[in-house]
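Colleague: I am new to this structure and would be grateful for a close look at a single part of it. Could you please describe the open and enclosed spaces, and begin with a brief word on the surface?

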Amino acid sequence: MFLVLPPLFVKASSGISKTLTFTPAAAVQLLVAVFLQMHFVYFLRPANNASSVNSAKKAGRIFTVSFWWSITLGSLMLIFALMQTLSFFIEQNAHHTMQSVTSVFAWISVTVSVAIAAFYEEALYRQFLPEVSAILLVGKINKKIFFHFIEVLVILIFAFSHRYLGFIPVLNAFACGAVLRLCYRKTGSIWTGALAHFTYNMTLIIFSQIID
């Protein structure tokens with residue numbers, strides 16, 4: 001609740017300045033994400049016998065990761081394009097400024113911050129919340145509809161944590177959250193989604209710097 005609730009109550013404002021520098025909050029996010037990932041891998045996820053994985057399975061795994069990374073990234077970019085088109089008609093007066101990146105050090109800081117944010121959100125919203133909820137309900141509620149409800153609820157929580165940016169970003173986050181969760185379900189790991197998430201955010205930042 002400490003991780004999930006605060007973003008839901010951030011007030012919306014116009015003229016938001018998107019800070020792209022590394023902050024102490026990013027360091028905290030990294031620590032939390034590492035803790036959630038290690039806790040899930042070592043205590044919650046069923047053990048896998050790594051020694052039994054042969055080269056053919058590894059090759060198949062590489063193909064799966066590459067396939068779902070490209071599908072996920074393409075879907076995220078398509079969703080962004082659709083939302084930008086929608087925002088032209090709905091939020092014409094919305095104005096969000098982004099900090100300029102003018103040095104090599106600034107770009108390194110931006111890259112690190114974006115990577116941490118992607119890792120944190122995938123660890124929390126795509127893995128820990130839905131998977132732990134399902135684990136806790138095993139043997140208690142054996143209804144698929146309830147598990148579908150949990151899936152939708154977590155995506156909604158992720159979406160409304162962006163509500164301070166406006167209505168369109170909430171829709172964008174909901175659609176992107178659903179795609180990233182599907183990526184997790186298909187790959188069984190947060191890393192493919194995190195890489196697609198990172199690539200998506202960095203692409204938007206680079207384009208925003210070029211356009212500005």
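**Surface patch, pocket and cavity**

Modeller: Leu 30 lies in helix α2, which covers residues 24-44. The model is a predicted one. Leu 30 counts as partly exposed because its relative accessibility is 33%, where partly exposed means between 20% and 50%. Together with Val 34, Met 38, Tyr 42 and Phe 43, Leu 30 forms a nonpolar patch on the surface, and the accessible area of these residues together is about 550 Å².

I turn now to the spaces. The second largest pocket holds about 160 Å³. Its lining draws at least two residues from each of α4 (104-137), α5 (144-160) and α6 (167-187), and α5 gives the largest share, five residues. Among the lining residues of this pocket are Lys 144, Phe 147, His 148, Ile 150 and Arg 185. By class, five residues of this lining are charged, four are nonpolar and one is polar.

The structure also contains one cavity of 30 Å³ or more. The volume of the largest cavity is about 50 Å³. Helices α4, α5 and α6 each supply at least two residues of the cavity lining, with the largest share, four residues, coming from α5. Tyr 125, Arg 126, Val 154, Ile 155, Phe 158 and Gly 177 are among the residues that line the cavity. This lining comprises five nonpolar, three charged and one polar residue.

Pro 130, Glu 151 and Arg 181 appear in the lining of the second largest pocket and also in that of the largest cavity.

Terms used:
Residues numbered from 1 in each chain as written. Predicted model: local features only at pLDDT ≥ 70, side-chain atom pairs only at ≥ 80, totals over all residues. Heavy atoms only, no water. 1 Å grid on protein atoms, 1.4 Å probe; cavity = no way out; pocket = protein on both sides within 12 Å on 5 of 7 lines; lining within 4 Å. Points joined across faces, edges and corners; volume = space filled by probe spheres on them. Nonpolar A, V, L, I, M, F, W, Y, C, P; charged D, E, K, R; others polar. Patch = residues over 30% accessible without salt bridge, like charges linked within 9 Å, V, L, I, M, F, W, Y side chains within 5 Å. Areas by Shrake-Rupley, 256 points an atom, 1.4 Å probe, with all protein chains shown as cover. Salt bridge = Lys/Arg side-chain N within 4 Å of Asp/Glu carboxyl O. Buried < 20%, exposed > 50% of the residue type's maximum accessible area, 1.4 Å probe, protein only.
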